[in-house]
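Please work through the following exercises on charged side chains, and try each task before you read its solution.

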Amino acid sequence: MAVESQGGAVIRLLTKAVVRSVGRAVDMGVVEFGGVQGETVMVHLQCPFRIVRHGRILLGSADLRYAQKGAGPQAFDEFRMVYDARTATINRVLGELRPCVDGVRVDGAGGLTVSWEPGFRLEVFPDCSGRIEAWRVLVPGGAHHVFPPGLD
């Protein structure tokens, strides 16, 4: 599927979806949405990404590299990284706000931006020139939209 048509499908899946949670599966970022037709929509992130609010980075993919203070040598496996602490805070806010996506942009180089009020933005920026999956937007048991295209 060409990036342009794939971008349209991703925009349709995410626009007006409710942002439910941010987390991880091992070292892959995961953002979960409730689609407009009640379906679950997931974004799997295997490239650099960040969540920004009003110009301040709240969470970055590099936060997976750093253990929380006093977490010990098993911090990553025990979900005690800086990333995990920050996602817990973000998820509390998302649970209270139940925000809806009000903007989605996909560019030709795989950049993906998803915004929701009040002032949040997920920014995804593939950084590999090879044929390695950077991100995937999917409905479990349904459609998968992968960047770069053709890897699904």
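The exercises below concern salt bridges and one arginine in this predicted model.

**Exercise 1.** Find how many salt bridges a search of the whole structure gives, and then examine the one that Arg20 forms with Glu32.

*Solution.* Step one is the count, and the search of the whole structure finds six salt bridges. Step two is the distance: in the pair of Arg20 and Glu32, the closest N and O atoms are 3.1 Å apart, and a salt bridge requires such atoms to lie within 4 Å. Step three is to place the partners along the chain, where Arg20 belongs to strand E1 (residues 18-25) and Glu32 to strand E2 (residues 28-34), so that the pair, 12 residues apart, links distant parts of the chain. Step four is accessibility: Arg20 has 34% relative accessibility and counts as partly exposed, and Glu32, with a relative accessible area of 22%, is partly exposed.

**Exercise 2.** Work out which residues are linked with Glu123 in a network of salt bridges, and decide whether Glu123 is buried or exposed.

*Solution.* Begin with Arg50, whose side chain meets that of Glu123 in a salt bridge at 2.5 Å, N to O. Because Glu123 lies in strand E8 (residues 120-124) and Arg50 in strand E4 (residues 49-53), this pair ties together parts that are 73 residues apart in sequence. Next take Arg121, which forms a salt bridge with Glu123 as well, the closest N and O atoms being 2.6 Å apart. Putting the two pairs together gives a network of salt bridges that links Arg50, Arg121 and Glu123. For the last step, recall that buried means under 20% relative accessible area; Glu123, at 11% relative accessibility, therefore counts as buried, whereas Arg50 is partly exposed at 29% and Arg121 is partly exposed at 31%.

**Exercise 3.** Describe the surroundings of Arg24, starting from its place in a strand and ending with the residues that Arg24 touches.

*Solution.* First, Arg24 is located in strand E1, and its relative accessible area of 12% makes it buried, because the limit for that class is under 20%. Second, look at the polar partners: the side chain of Arg24 reaches the backbone oxygen of Val26 at 2.9 Å, and the side chain of Arg24 also makes a polar contact with the side chain of Asp84, at 2.7 Å. Third, leaving aside residues up to four places away in sequence, list what Arg24 touches, namely Gly29, Val30, Leu64, Phe76, Phe79, Met81, Tyr83 and Asp84. Asp84 thus appears both as a polar partner of Arg24 and in the list of residues that Arg24 touches.

Key. Residues numbered from 1 in each chain as written. Predicted model: local features only at pLDDT ≥ 70, side-chain atom pairs only at ≥ 80, totals over all residues. Heavy atoms only, no water. Helix = DSSP H or I, 4+ residues; strand = E, 2+ residues; numbered from the N terminus. Buried < 20%, exposed > 50% of the residue type's maximum accessible area, 1.4 Å probe, protein only. Polar contact = N/O pair within 3.5 Å; in protein donor to acceptor, adjacent residues only side chain to side chain. Contact = heavy atoms within 4.5 Å.
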